[in-house]
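User: Can you walk me through this one? I'd like to go helix first, then rings, then strands.

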Amino acid sequence: MIGNITPDLPERLVSFLRPGAPGLLLTCGADGYPSSAYTWVMVLDAKRLRFGVDLGGSAMGNIERSTQASLQVIGAGNVVFLIKGRARKISERIAAAAPANIALYEMEVFGAKDQSWPGVATTALTYEWPAESRAAMLRMEQAVYQEMREACI
């Protein structure tokens, strides 16, 4: 461990990501500027994560060009981590996310930086589905996480 950067995902983060959680995918554009995209994140183990990437979007182009990506995870209980690694596409589509066109990527973790502040509580990165579609969207989201977990490479 270098300061608050660990080469593996800490158990606290692994436990948080095991069922799946929203996150921000951070990539660097060809122009050198960072970009972010909302995504689903789930963990396989302390060295591997899976996440979704919009097909044909700038994040996909950035990852395909450099293979580098970061994920920002913010959760209840002061779970605040920046995760860096090398990413590769493992499936062209997450079927459960249809009609959205989202590819499945896997990250080999290089490091996780604990960005929490002692004595400070963070608000989780969350979203709310519209009331009329909430139940269906939650079922779809759980199906996405299950597919991400079970995808073979």
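Analyst: Helices here are DSSP runs of H or I with at least four residues, and they are numbered from the N terminus. Keep in mind that this is a predicted model.

User: Fine. What does Thr-67 do just after α2?

Analyst: Thr-67 takes a positive phi of about 70°, and this residue comes just after α2.

User: And which residues of helix α2 are buried?

Analyst: Helix α2 spans residues 58-66, and its buried residues are Ala-59, Met-60, Asn-62 and Ile-63. They cover an arc of only 165° around the axis, so they sit on the same side of α2.

User: Why would residues with that kind of spacing share a side?

Analyst: An α-helix has 3.6 residues a turn, so residues three or four places apart point the same way.

User: What do the buried residues of α2 pack against?

Analyst: They pack against six strands, listed here by number:
- β2 (21-28), β3 (34-45) and β4 (48-54)
- β5 (68-75), β6 (79-91) and β7 (102-114)

User: Switching to rings. How many aromatic pairs does the structure hold?

Analyst: There are 3 aromatic pairs in the structure. In one of them, the ring centres of Tyr-38 and Tyr-127 are 5.4 Å apart and the planes are at 75°, so the pair is edge-to-face.

User: Where do Tyr-38 and Tyr-127 lie?

Analyst: Tyr-38 is in strand β3, while Tyr-127 is in the loop between β7 and α3 (134-150), so the pair ties together parts that are 89 residues apart in sequence.

User: How accessible are Tyr-38 and Tyr-127?

Analyst: Tyr-38 has a relative accessible area of 41% and is partly exposed. Tyr-127 is also partly exposed, at 26% relative accessibility.

User: Which other ring forms a pair with Tyr-127?

Analyst: Trp-129 does, in an edge-to-face pair with 5.1 Å centre to centre and 75° between the planes. Tyr-38, Tyr-127 and Trp-129 form one aromatic cluster.

User: On to strands. In which sense do β5 and β6 pair, parallel or antiparallel?

Analyst: Antiparallel, over 8 bridges. The two strands form a hairpin with 3 residues between them, and Gly-77 in the turn has a positive phi of about 80°.

User: How many bridges join β6 to β7?

Analyst: 10 bridges join them, and β6 and β7 run antiparallel.

User: What stands opposite Lys-84 in β6, and in β7?

Analyst: Ser-70 stands opposite Lys-84, which is in β6. Lys-84 also stands opposite Gly-111 in β7.

Methods: Residues are numbered from 1 along each chain as its sequence is written. This is a predicted model: local features need pLDDT of at least 70, side-chain atom pairs count only at pLDDT 80 or more; totals for chains, interfaces and linings use all residues. Side-chain values use heavy atoms; hydrogens and water are left out. Buried means under 20% relative accessible area, exposed over 50%, partly exposed in between (1.4 Å probe, protein chains only). The arc is that of the directions from the helix axis to the C-beta atoms. Contact means heavy atoms within 4.5 Å. Rings of Phe, Tyr and Trp (its six-membered ring) pair if their centres lie within 6.5 Å; planes under 30 degrees apart count as stacked, over 60 as edge-to-face and the rest as tilted. Two strands pair if DSSP finds at least two bridges between them.
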